[in-house]
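This briefing goes through one protein chain, from a well-covered helix to the nonpolar cores, the aromatic pairs and the overall architecture. Please keep the sequence and the structure in view while reading.

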Amino acid sequence: MDCNNTTRRQLMLAAAAAAGSSLVGLPAWAKAAYPSKPIRFIVPFNPGGATDIVARVLGEAMSKKLGQPIVVENKAGASGMLGTDQVAKSAPDGYNVVLSLSTSLLINQFLYSKMAYNPQKDLLMLSELASAPVTLVVHPSVPANNMQELLAWVKANKSKVSYGSWGVGSYAHLGGAYMSKSMNADMSHVAYRGEAPMIQELIGGQLQLCFSSAQNTKPFIDSGRLKAIGVTGKARMAVLPNLPTIYEQGVTDDAYSIAGFVAMALPAGTPKEIVDVLYAALQEASKDAKVKERIDGAGFLPVFSSPEEFSKTYAKAVPVWKSLIEVAEAKVD
């Protein structure tokens, strides 16, 4: 009898027994190798938008690393909260991931008096994929070419200026409201159902200014139909490299220095082992040239922070957004 083989079999059996006993009491999904089936990316907005495009290109890149298909599902509604809530309430098994904006992941908790989920308790923030600054644009008739000149003009034309937004509580609304309050300008807010109609009204002269994504404003900036004043956040956009940030122009208020984000989140309680696998796949995907192209093209700035890094930046952003909403007196029942 081969003693070495006998000893080896005994060790293997002992290891298997120990592994089996360590899994007692765990849910079935925790006992299987991850991932063992397709993963769903829930995008809580309509197809075709910048967030949807990022989700699809990331899903394609990450599936190569994970060895499983990633299916992107759009579940729009309630300012991104419908799809986000679906993930928040799903099993923490790594098979349901929400890829959303700062609206449903952070801002809405201060805007809405009632929410079906608490983003700080019910979600685990996996990664800030990209910072999402926006452009500040004006109608060509506005006699201002930089932020200092625009603020002076707004102040001098009290009650005569209108600004647009793509909805109550959007950055376009909050940023415009802050400008109005800080300049005592009594500007009029006009909310639209999306950025496209807002931009058309600005081009037509029904509005004087608005904050909007580069994806929507760049063609009109390039053609001269809109005048660009600056970019929010603290870094310039790759698609508009010659357009300085508002911060660079000496206007350093938090309201203009902050930017929204595109991020991934999981249900709270997702095991660290699963979080690590997903983040490793995400890091690998971030090196893909196609992923970078899509993110840059949307006017976003790639970040791909770790869960720990994202937790810190999220905590810093919370009081700034909360204050902006209070200044704008924005509340939705």
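Helix H5 (residues 102-111) is mostly covered, since ten of its ten residues are buried. The model is a predicted one, and the values below are computed from it. In its secondary structure the protein chain comes to 14 helices and eleven strands, and 51% of its 333 residues count as buried.

**Helix H5 and Leu105**

- The buried residues of H5 are Ser102, Thr103, Ser104, Leu105, Leu106, Ile107, Asn108, Gln109, Phe110 and Leu111, a list in which Leu105 serves here as the example to follow, lying as it does in helix H5.
- Leu105 has a relative accessibility of 0% and therefore counts as buried, the cut-off for that term being under 20% relative accessible area.
- When neighbours within four places in sequence are left aside, Leu105 is in contact with Thr84, Val98, Ser100, Pro119, Leu123, Met125, Phe261, Ala263, Ala265 and Tyr314.
- Leu105 and Val262 are 157 residues apart along the chain, yet their C-alpha atoms are separated by 9.2 Å.

**Nonpolar cores and Met147**

- The largest nonpolar core has 56 residues, and those with the most contacts inside it are Met147, Leu150, Met179, Leu209 and Tyr256.
- Helix H14 (residues 307-328) gives the most to this core, contributing nine residues.
- A second core, separate from that one, has 36 residues, among them Val97, Leu129, Val262 and Phe300.
- Met147 is found in helix H7 (residues 147-156) and is buried, with a relative accessible area of 0%.
- Not counting residues up to four places away in sequence, Met147 touches Leu136, Met179, Ile229, Ile246, Gln249, Val251 and Tyr256.
- The C-alpha atoms of Met147 and Glu248 are separated by 9.9 Å, although the two residues are 101 residues apart along the chain.

**Aromatic pairs and a charge over a ring**

- A search of the whole structure finds eight aromatic pairs.
- In one of these pairs, Phe211 and Tyr256 have ring centres 6.4 Å apart and planes at 25°, so the pair is stacked, the cut-off for that label being planes under 30 degrees apart.
- This pair links distant parts of the chain, with Phe211 in strand S8 (residues 209-212) and Tyr256 in helix H11 (residues 254-257), 45 residues apart.
- Both partners are covered: Phe211 is buried with a relative accessible area of 0%, and Tyr256 is buried with a relative accessible area of 1%.
- The rings of Phe261 and Tyr314 have their centres 6.5 Å apart and their planes at 45°, so this pair is tilted.
- Because Phe261 lies in strand S10 (residues 260-267) and Tyr314 in helix H14, the pair ties together parts that are 53 residues apart in sequence; Phe261 is buried, and so is Tyr314.
- Leu105 of the earlier section is in contact with Phe261 and with Tyr314.
- Ring pairs also link Tyr171, Tyr178, Phe211, Tyr256 and Trp321 into a cluster.
- Elsewhere, the charged end of Lys37 sits over the ring of Tyr95, at 4.7 Å from its centre.

**Helix H12 and its two faces**

- Helix H12 (residues 272-285) has 14 residues and reaches 20 Å from its first C-alpha to its last, which is close to the 20 Å expected at 1.5 Å a residue.
- Its buried residues are Ile274, Val275, Leu278, Tyr279, Ala281, Leu282 and Ala285.
- These buried residues cover an arc of only 160° around the axis, which puts them on the same side of H12.
- The face of H12 turned away from that buried side carries the exposed residues Lys272 and Glu273.

**Overall dimensions and contacts**

- Along its principal axes, the C-alpha trace of the protein chain spans about 95 × 40 × 30 Å.
- Among the contacts in the protein chain with a separation of 6 or more, 77% are accounted for by residues 24 or more positions apart.

Note on methods: Residues numbered from 1 in each chain as written. Predicted model: local features only at pLDDT ≥ 70, side-chain atom pairs only at ≥ 80, totals over all residues. Heavy atoms only, no water. Core = buried A, V, L, I, M, F, W, Y, C linked by side-chain atoms within 4.5 Å. Buried < 20%, exposed > 50% of the residue type's maximum accessible area, 1.4 Å probe, protein only. Helix = DSSP H or I, 4+ residues; strand = E, 2+ residues; numbered from the N terminus. Contact = heavy atoms within 4.5 Å. Expected span 1.5 Å × (residues − 1). Arc of directions from axis to C-beta. Phe/Tyr/Trp six-rings, centres within 6.5 Å; stacked < 30°, edge-to-face > 60°. Lys NZ or Arg CZ within 6 Å of the ring centre and 35° of its normal.
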